Amino acid sequence: MYTTMDLIKTLMSGAGVTIQVLIYSAILAGVLSFIVGFMKLANYRLIRYIANIYIEVFRGTSLLVQLFWLYFALPLLGVELNAMTAGVLALGLNYGAYGAEVVRSSIQAVPKQQLEAAIALNMTVKQKYQIVILPQAIRMMIPTFGNLLIELLKGTALVSLVTLSDLTFQAMTLITSTMQTTKIFLLLLLFYFIIAFPLTRFMKWLERKYTIGKV
Amino acid sequence: MAGTKIYDREGVKMIWDWGFTFSIIPKIINAMWVTIAATIIGFIIAAIVGLIWVLGRRSSFKPLALLVSCCIEFIRNTPLLVQLFFLFYVLPEIGVSLSPFVCGVIGLGVHYSTYLSEVYRSGIESVEKGQWEAGIALNFTKLDMWKKIILPQAVAPVIPMFGNYFIVMFKETPLLSAITLVEMMQAAKLIGSSSFRYLEAFTLVGILFLLLSYPASIAVRYAEEKISRKFGKVVA
């Protein structure tokens, strides 16, 4: 007989995997967002074109399709990924495409005069971005990135479908062995909420912190 | 072509097989209609429930407003996949058995209703205060005021945002495969597991999603431009 404590213990180990997937894919998505976001602002048409294809393909097809493609279809082309790699790659690539648009639009939303002032002050490209553009752009990115992070967390539940033993996977396994369906699903929902809620609060706090005294 | 001769140990052809691809297109197209139907019905549910959420949240009866806010927070912060499992596996325990399709559209609809309620809210907040005052001055009942003054003005500027969420919901429908609904993804999975050829099926599904959602997103962007020109502002 499984007590509630046993259930929580097993779910905890799943939560560890979920958080691991979340962190890895958030890092991948974040890096991709900036790289592709800048590519979209590049002077060369070819680079912009490549960035556009990446964004449209990964936003236009569904996350689950991408995940299954990486896990089940790619081995037929000779590339075998384990569940963790496939999960992190799919989540990172998918949310990176959404993030890239956020980076691009935030940088473009910095008033043009700021850029002109930087040029007038004879700043190097590096200074221009480091001192003038990015501090303002990143402030604008925070709220949207916060939302994307929550979406990413919810997206991690999908990796259970490619047999990675995350929170959802553990819950499904527990259900087949204990049949305590209602209790386990309620606990599962609660677990996700407990992970997501502090994240939302943290992003709200970040947002407030960086907009104090700003218009 | 040297490549076409490559077989793996089980004798399954390793690379892309056009003949097989064309043979499975009809099956996947059939399942596509289930995907589209689920998106449309799910969206209608989301639009109705979303409106209920936003009205509840604005209620002057504070406990109700608080309860609604808590519900929205909870639904938004938990994965749709888990909510679908919950509806599919827990409801039968209390005597409510729903078909995968019904379960799926309810799950999808309720999950995204919390997002649409935000869209409604931003639309309602963009209606000028003078409009409310005019409604009161003209002695409109509360219902008439919402129906004839506020909602028509609140909804029009946010139509593109509804369009965006429609596309987002379309792309989330593969999750319904997890509760055994045979939509595009599940059809591809079935083809894959019976033929051991996942590559063609999954790639086709991906291409179909792209073919449907990309023009739709261009249409939404076009509507966005038109509407922001007409209303002279973009509601965020």
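This is a short tour of a predicted model, stop by stop, with something to select at each one.

**Stop 1: chain B on its own**

Start by showing chain B alone and colouring it by secondary structure. You should find 9 helices and 0 strands, so to speak an α-α-α-α-α-α-α-α-α run from the N terminus on. Now turn the chain around: its C-alpha atoms fill a box of roughly 80 × 50 × 25 Å along the principal axes. The radius of gyration of chain B is 23 Å, where a compact globule of 236 residues would have one near 18 Å. Of those 236 residues, 36% count as buried. If you like contact maps, take the contacts in chain B between residues at least 6 apart in sequence: 75% of them join residues at least 24 apart.

**Stop 2: helix H3 of chain B**

Next, select residues 80-90 of chain B, which form helix H3. Is this helix mostly covered or mostly open? It is mostly covered, with 9 of its 11 residues buried. To see them, show the side chains of Leu80(B), Leu81(B), Val82(B), Gln83(B), Leu84(B), Phe85(B), Phe86(B), Leu87(B) and Phe88(B).

What covers these buried residues? Bring chain A back into view, since both chains take part. The cover includes H6, helix H7 (167-178) and helix H8 (181-211) from chain A. From chain B, it includes helix H4 (100-125) and helix H7 (159-172).

**Stop 3: where the two chains meet**

With both chains on screen, select the contact between them: 29 residues come from chain B and 29 from chain A. On the chain B side, the elements giving two or more residues are H3, helix H8 (184-195) and helix H9 (198-231). Pick out H9(B) here, as the largest share of that side, 10 residues, belongs to this helix. Colour the chain B side by residue class and you get 21 nonpolar, 6 polar and 2 charged residues.

**Stop 4: a helix pair in chain A**

Finally, hide chain B and select residues 112-120 and 125-155 of chain A, which are helices H5 and H6. Their axes lie 10 Å apart and pack at an angle of about 170°. Angles over 145 degrees count as roughly antiparallel, and H5(A) and H6(A) are therefore roughly antiparallel to each other.

Zoom in on the contact itself. From H5(A), show Gln114(A), Leu115(A) and Ala118(A); they meet Lys128(A), Val132(A), Ile133(A) and Gln136(A) of H6(A). By class, this contact has 4 nonpolar, 2 polar and 1 charged residues.

Conventions: Residues numbered from 1 in each chain as written. Chains lettered and ligands numbered in written order. Predicted model: local features only at pLDDT ≥ 70, side-chain atom pairs only at ≥ 80, totals over all residues. Axes fitted to C-alpha atoms, helices over the stretch in contact; angles between N-to-C directions. Helix = DSSP H or I, 4+ residues; strand = E, 2+ residues; numbered from the N terminus. Parallel < 35°, antiparallel > 145°, perpendicular 65-115°, else oblique. Contact = placed C-beta atoms within 7 Å. Nonpolar A, V, L, I, M, F, W, Y, C, P; charged D, E, K, R; others polar. Buried ≥ 20, exposed ≤ 12 C-beta atoms within 10 Å, placed from the backbone. Rg over C-alpha atoms; globule rule 2.2 N^0.38 Å.
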